Amino acid sequence: MYRTVDRNLRKRKAASPWALLTSTMSQPGEDSTLEKLHERAKAIAEGKTRERRLMWDHREAPADLDLTDLAAMRAGLREVYGPFGDVLDLDGIIESEFWNIEKDPGESRRYFLNQPTAHCEGWVTHPAWASCADPNRLVESGEPVVMFFDGSKSDDATALVGCRVSDGHVFVLGCWEKPQGPSGQGWQVDRRDVDRTVRAVFDQYTVVAFFGDVKEFENYLDTWAQEFGDRLVIDASTGTGHGAHAIAWDMRSRAREFTPACERMEIDIREGALTHDGDPRLTRHVLNARRRRLFVDGSRPSGRTDNSPVWDTVWQPNRMDARQSGLYRAALSYGVSYAVVLPDPVRPQITPFSPRRLTALYGDPVNDEWPQYAVSIGMPRPLMGAGAVGMVCAITVYDDQFTYTVDVPASLLMPAIGEARADPLPLEGVALDFRQVEVREHGLGVCPVVRFLESHDDLDDVPQGVVYPMLPAQRQLNQTTFGLLMAQQYAAFKQRWVTGMAIAEDEDGNPVEPWDAAVDRVWQSDSVDTHFGEFSETNLSGYLDSRDKTLLYVASVRQIPPHTLVVGNAVSNVSAEALAALEAGHQLDIGEHKTSFGESIEQMLRLSGKALGDEDTWRDTSAQVVWRDTTPRSLAQVADALGKLATQLEIPPRALWERIPGVTEQDLQRWEALADESDALGDVQTLLAGAPPGLEPITEAGVEDVERPGAGVEPLPPKPGPEGR
């Protein structure tokens, strides 16, 4: 609808048409209309596009708003809603949306504070990162700094970031990003400009260390190391031989070092210990960082080594590389999630749903592959026209041949939008005009809904997810934390007491304190009846031990490595092998989810082939998805293991390429092309090094293909006698 309205705006110049869009803040990662419009507004503000015809007015609560402070929350809501806040039940919103433990604070921030919270797999939240911004903190020339560099050639961004040594303040030194729109076609980063910027930084600041990712900039990093390596106090890579380098720091082989560094930085961001310059480019890339252990990187049809046709024609155009994580997160949280696949004139459309917005009815909920019916609820949207103004939601029913869609008032489905609050939802008795139902034929022969289950272990009912079984432990942890905070606030220190003292009163009868109590003051009394004493402080170790035991229980049940929960002294000073053993249970848990989700991905791609008219893909039940290896291993370990597989088990080296951590499908295609070129050059060299055509090799009885003189082998000696002469 938005695209249709937007196109028609330019058709009546004389009327000076314009469009007004109103909405709450979008959910990052959903690629919604508002999210794309927001990105468009930021591109205009940063001068990355030539467009200027857009007014973006955004009211957002302060990023550092304290959700536990009632007065601050009221002020934040009034900042967002303006004069309309006078008619809202602000205290009701605070209590039911922000203080209700059943609600997600991130969603509440987005809906009511207009804050762009993090993607469901986001590394940090927008409010947490924005609260660390300090653009007035400047870095003076000559100050000691550390530089960090991540380079790319064309598709990704290239960035140079500085960090002041004295206080850890982070600031942008340079950023080169692919322009949006037609101007981005064929774009490549200006490497000479990057080189000039690096040299200018060395001239302006005292650079004590420089860490640069090697990919795409190997030659430049070697040159910078030769020219500036003597100035650096710390080398990026230490070791002997080829392992040592003043600047090069290969991200692909440093996952074990990089992971705890990210964890430490995340803690600094949450606690406000880190500051940055507020550069919107840095903010955008930080908020794009994702936590991923489940990532599908390809789909192989049976009997083939390349990707299925639907991978490039359906999966990639639907941006499922980014959107797949939402399916996994919802399934892990609630036990199930869904994806709807429908035909479209351009390409089949894949729409992920959480079970809060879609449910499906199966004849046999455990064993059936396809549901009989499904119903989904769309996001609220404004309905304007025909004298009616309000918010509506689309309800869609799916069967094996058709979809049926009708709009209903959003207040019936989401009571917080209206004045009434009801549970259950007041849908009983709602009359719908069948003439308003939009019927569309999809003709797939099955209900076009694919179910993603957290596991297939429960044969009696659908799984509950990973959150619900942990609620008793969470309640125990909450109780322990509450007791700890109360004891810490009121009883974690010694308290003195006095008895037998006559308290004087003023002229109004109010008691007068006999002295000013303070840590550095001594109490004294002239009365022999006065006695002094003290209450000892409360020992907090019991609370802390109880907390650690609860976290260890959670780690054991959910197969979470205990060191990721920072559980007391449970894991410290252990070897790399011990850490790998602690990760083993977690990797098994990830493997189980890959098996479950992989079946659903294969089912979804088969249905996509059906919607595309590809009957071969639809009938291929032996296709397999390819999961990206996200296990933290060093590149040396991987290379050693893959080398042994190739030499000792005689597995073709090309078949092992996809097992290299971090490798993408585009990398594999480029390597295949380079390897084919290398093979062709090798064939030409072999041909040129061989005997000229028509020349027979020298032979001796039973000996063939003896090399010619001059090729490193002496000729055969002549036979004795006249025949040999």
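**Cores, aromatic pairs and surface features of a predicted model**

Of the 725 residues in the protein chain, 34% are buried. The model is a predicted one, and its chain contains 20 helices and 19 strands. Among contacts with a separation of 6 or more, 60% join residues that stand 24 or more positions apart. The chain exposes about 44,300 Å², of which carbon and sulfur atoms supply 53%.

The interior may be considered next. In soluble globular proteins, nonpolar side chains tend to be buried together. The largest nonpolar core here has 30 residues, and the members that touch the most others are Tyr 328, Phe 452, Ile 601 and Met 604. At least two residues of this core come from each of α11, α12, β6 (336-342), β14 (449-453), α16 (576-612) and β17 (624-627). Helix α16 contributes the most, namely 7 residues. The surroundings of Ile 601 illustrate the packing: leaving aside residues up to four places away in sequence, Ile 601 touches Val 296, Trp 315, Tyr 328, Phe 452 and Val 625. A second core, separate from this one, comprises 27 residues, including Leu 160, Phe 228, Ala 246 and Ala 248.

Aromatic side chains offer another view of the structure. A pair of aromatic rings is described by the distance of the centres and the angle of the planes. The structure holds 16 such pairs. In one of them, the rings of Tyr 220 and Trp 224 have centres 6.0 Å apart and planes at 50°; the pair is therefore tilted, since only angles under 30 degrees count as stacked and those over 60 as edge-to-face. Both residues belong to helix α8 (residues 218-228), where their spacing of 4 residues means that about one helical turn separates them. How do the two partners stand with respect to burial, buried or partly exposed? Tyr 220 has a relative accessible area of 23% and is therefore partly exposed, whereas Trp 224, at 0%, is buried.

Phe 452 and Phe 597 form another tilted pair, with 6.5 Å from centre to centre and 50° between the planes. This pair links distant parts of the chain, as Phe 452 lies in strand β14 and Phe 597 in helix α16, 145 residues apart. Both Phe 452 and Phe 597 are buried. Ring pairs also join Phe 149, Phe 202, Phe 210, Phe 217, Tyr 220, Trp 224 and Phe 228 into a cluster. Phe 228 thus appears in this cluster and in the second core.

The surface has features of its own. Phe 482, Met 486 and Tyr 490 form a nonpolar patch there, and together they have about 350 Å² of accessible area. Met 486 is part of helix α14 (residues 471-490), and its relative accessibility of 39% is why it counts as partly exposed.

Two backbone conformations also deserve attention. Which residue in the loop between α11 (309-315) and α12 (320-334) is concerned? This is Arg 319, which has a positive phi of about 60° although it is not a glycine. Arg 319 counts as partly exposed because its relative accessibility is 36%. Glu 650, likewise not a glycine, has a positive phi of about 60°. Glu 650 is located in the loop between α18 (635-648) and α19 (653-656). With a relative accessible area of 68%, Glu 650 is exposed, because the term applies to values over 50%.

Conventions: Residues are numbered from 1 along each chain as its sequence is written. This is a predicted model: local features need pLDDT of at least 70, side-chain atom pairs count only at pLDDT 80 or more; totals for chains, interfaces and linings use all residues. Side-chain values use heavy atoms; hydrogens and water are left out. Patches are made of residues with over 30% relative accessible area and no salt bridge: like charges are joined within 9 Å, nonpolar side chains (Val, Leu, Ile, Met, Phe, Trp, Tyr) within 5 Å. Accessible areas come from the Shrake-Rupley method with a 1.4 Å probe; for residues, only the protein chains shown count as cover. A salt bridge is a side-chain nitrogen of Lys or Arg within 4 Å of a carboxyl oxygen of Asp or Glu. Buried means under 20% relative accessible area, exposed over 50%, partly exposed in between (1.4 Å probe, protein chains only). A nonpolar core is a set of buried Ala, Val, Leu, Ile, Met, Phe, Trp, Tyr and Cys residues joined through side-chain atoms within 4.5 Å. Contact means heavy atoms within 4.5 Å.
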